[in-house]
Amino acid sequence: MDWLKKNLPKIVVAPSFAVILWFVYGFIAWTFYVSLTKSKLLPNYEFWGIHQYVRLWQMPRWHIAVENLFIFTILFIVLCIFIGVILSIFLDQKIRSEGVIKTIYLYPMALSFIVTGTAWKWILNPTMGIEKFMNQIGFENFQFDWLVTPGMSIYTIVIAGVWQSSGFIMAIFLAGLRSIDDEVIKAAKVDGASTFSIYTKIVLPMMRPVFMSAIVILLHLSIKSYDLVIALTAGGPGISSDMPAVFMTKMAFGRSEVGLASASAIMMFVTVSAIIVPYLYSELRREQDVK
Amino acid sequence: MLNKKKLLRYFLFLVLGVFIFYYITPLYVMIVTSLKDMNEIREGNLFSLPNSINFESWKIAWSGRGEGTSDTFLKPYFFNSLKITIPALTLSTILGALNGYALTKWKFKGANLIFLLFLFGTFIPFQAILLPMARTLGFLGISNSPLGLILVHTVYGLGFTTLFFRNYYVSISDEIIKAAKVDGAGFFKIFFTILLPVSLPILVVTIIFQFTQIWNDFLFGVTFSFGENAPLQVALNNMVLTSASVKYYNVDMAAAIMAALPTLIIYVLAGNYFIKGLTAGSVKG
């Protein structure tokens, strides 16, 4: 009885911990092992070294996916942060209807990527969407067919992704701005600094941790982006807007290339870890310092 | 001369206004498109208002045209999603609350390491677990069933729910707990009488976050279920991608709005809790 009482907290956590160990870490280990085998339709546990990784990096399709990920990630991060910073600073100027405006900026975060993709697919429809509207109001030669143009369709994913996530980045920056001590800004004003230089020289540099968080969140979102691609372009036309997450599921469930799919999943996992581990480390150290 | 300050103020409102327009336009387009008939869509443009308010497409999106098997409509999938979302969010929230409590108020050796493993688990790209999960569900005999998706969402929601409660309980004073322990109160008594009564805010945050995550999930749904067992987002995507010769954009838009309505309503009613969950769930701070 005493033993039970003493160990009850551990007993309560144990099932969840076991579940996490098995379903997260065990599964990742399994995927890693399978990536080192010849597995095709079914897992085959015969060791095959790093052949799947060599195959992966020799595949033009994987290169397209990785290039698209680069294009998407860079534009997605730059645009979301640019919009987020501007909107948060502007909203922080004692705007009367701030609450309503914030609600409008953030509602896309409540939608699924499938809904967002469906809506933008219709807006960007090459014959019925924006193009038709522009033609009707007098720009007869206006063309907008990125959705069906190889090499351009990846940018439609950027457009929809930025629309969905930039409001959230605004909210993170606004919270950061609100946590800065007003005294600092007042003192700078007394010293005669202009509003512009207060922001560029004092406020934004103080927001470095917020920039870090925003970049980590957006990087993480972009490496995992799957739903939006499927709903908007399905990786097309052809494979021109493929991304690693789409590549992985296509190989695993469409092409019966279990080994290759596992190798691509491990590449994604390693990339995410390379970003998250240092981030978590610095965050936890900060937490310790505060204590 | 207009003074500079006033001019700046106008510029500020202009920019804020342009972005209101940017965020609201897709919703506006979805709504007006869903209310038009196909002739109006062909003749008009994205932004033109419907001639009359016509909910025909909404009816079709929800319960079909009654034309036999090729007809996809949302109603059954809406209930599939509810059947998955409610148990998974309940289970993961209860477990998360107990874990968060045990890890902060009954610190045992290794508690921090355990938390770190939970935390890192929330970041992994799910592609790294899809294949073994598919095999496990098959092995357990629950692939392509609501039960399978409940399991998946509970397991991969645990990290988030534990994180939420852990960070909330850390800020609650240990003194009261210590006093209660001295008085001989046990693990569950302290939880139910001291912690739970002050947990309402974090409960709301967690429930909203989990509801949104599970409701909006596509990857797990499309990987671990098909046909009539699919959740709502998968059905919506299938509906839009249909290869039928005539595309009903109005029905697509009505379906998309319906799929978004539950989370949108929660967002409008409880925006602050919604944002708190998002921030805590992604910054993990």
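**Figure 1. Pro237(A) sits in the loop that links α11 and α12 (244–254) of chain A.** This is a predicted model, so take every view here as computed. The thing to look for is the peptide bond running from Gly236(A) to Pro237(A), which is cis, with omega near 0°. As a bit of background, most peptide bonds are trans.

**Figure 2. Lys94(A) has a positive phi in a loop of chain A.** The loop in this close-up is the one between α3 and α4 (98–106) of chain A, and Lys94(A) is part of it. Its phi is about 55°, although Lys94(A) is not a glycine. Most residues other than glycine have a negative phi. Is Lys94(A) buried or exposed? Lys94(A) counts as exposed because it has 6 C-beta neighbours inside 10 Å, and the cut-off for exposed is 12 or fewer.

**Figure 3. Asn144(B) shows a positive phi in a loop of chain B.** Here the phi is about 50°, and again the residue is not a glycine. Asn144(B) is found between α6 (127–140) and α7 (146–170) of chain B. With 16 C-beta neighbours inside 10 Å, Asn144(B) counts as partly exposed.

**Figure 4. Helices α3 and α10 of chain A pack against each other.** Helix α3 covers residues 60–91 and helix α10 covers residues 208–224. Their axes are 10 Å apart, at an angle of about 145°, and α3(A) passes α10(A) in a right-handed crossing. From α3(A), the residues that take part are Leu69(A), Phe72(A), Thr73(A), Phe76(A), Ile77(A), Cys80(A), Ile81(A) and Gly84(A). On the α10(A) side they meet Ala214(A), Ile215(A), Leu218(A), Leu219(A), Ser222(A) and Ile223(A). Sort the residues of this contact by class and you get eleven nonpolar, three polar and no charged.

**Figure 5. Helix α5 of chain A is mostly covered.** How many of the residues in α5(A), which spans residues 113–123, are buried? The count is eleven of its eleven residues. Among them are Phe113(A), Trp120(A) and Trp122(A), along with Lys121(A). Neighbours come from both chains: within chain A, the buried residues of α5(A) pack against α6 (130–136), α7 (153–178) and α11 (227–232). From chain B, they pack against α1 (4–35), α12 (232–241) and α13 (249–269).

**Figure 6. Ala256(B) has contacts in both chains.** Leave aside its neighbours within four places in sequence, and Ala256(B) is in contact with Val115(A), Thr118(A) and Ala119(A) from chain A. Those three residues belong to the buried set of α5(A). In its own chain, Ala256(B) is in contact with Met30(B) and Leu236(B). Ala256(B) is also one of the members that touch the most others in the largest nonpolar core, which holds 170 residues. Met268(A), Ala128(B), Ile129(B), Leu236(B) and Ala255(B) are in that group too. Helix α7(A) gives the largest share of this core, with 14 residues.

**Figure 7. Chain A meets chain B.** On the chain A side, 78 residues are in contact with 69 residues of chain B. Which helix gives the most to that side of chain A? It is α1 (residues 2–35), with 17 residues. By class, the chain A side has 59 nonpolar, 13 polar and six charged residues.

**Figure 8. Gly281(B) is buried within helix α14 of chain B.** The helix runs over residues 271–283. Why does Gly281(B) count as buried? Because 21 other C-beta atoms lie within 10 Å, and the cut-off is 20 or more. Beyond residues up to four places away in sequence, Gly281(B) touches Phe160(B) and Phe209(B). Its C-alpha atom is separated by 12 Å from that of Ile202(B), which is 79 residues apart along the chain.

**Figure 9. Both chains are built from helices, with zero strands in chain A and zero in chain B.** Chain A has 13 helices, and chain B has 14. The radius of gyration of chain A is 24 Å, well over the 19 Å that the globule rule gives for 291 residues, so chain A is more spread out than a compact globule. Chain B has 24 Å, where a compact globule of 285 residues would have a value near 19 Å. Buried residues make up 44% of chain A and 47% of chain B.

Technical notes. Residues numbered from 1 in each chain as written. Chains lettered and ligands numbered in written order. Predicted model: local features only at pLDDT ≥ 70, side-chain atom pairs only at ≥ 80, totals over all residues. Axes fitted to C-alpha atoms, helices over the stretch in contact; angles between N-to-C directions. Helix = DSSP H or I, 4+ residues; strand = E, 2+ residues; numbered from the N terminus. Left-handed = near helix turned anticlockwise from the far one by under 90°. Contact = placed C-beta atoms within 7 Å. Nonpolar A, V, L, I, M, F, W, Y, C, P; charged D, E, K, R; others polar. Rg over C-alpha atoms; globule rule 2.2 N^0.38 Å. Core = buried A, V, L, I, M, F, W, Y, C linked by C-beta atoms within 7 Å.
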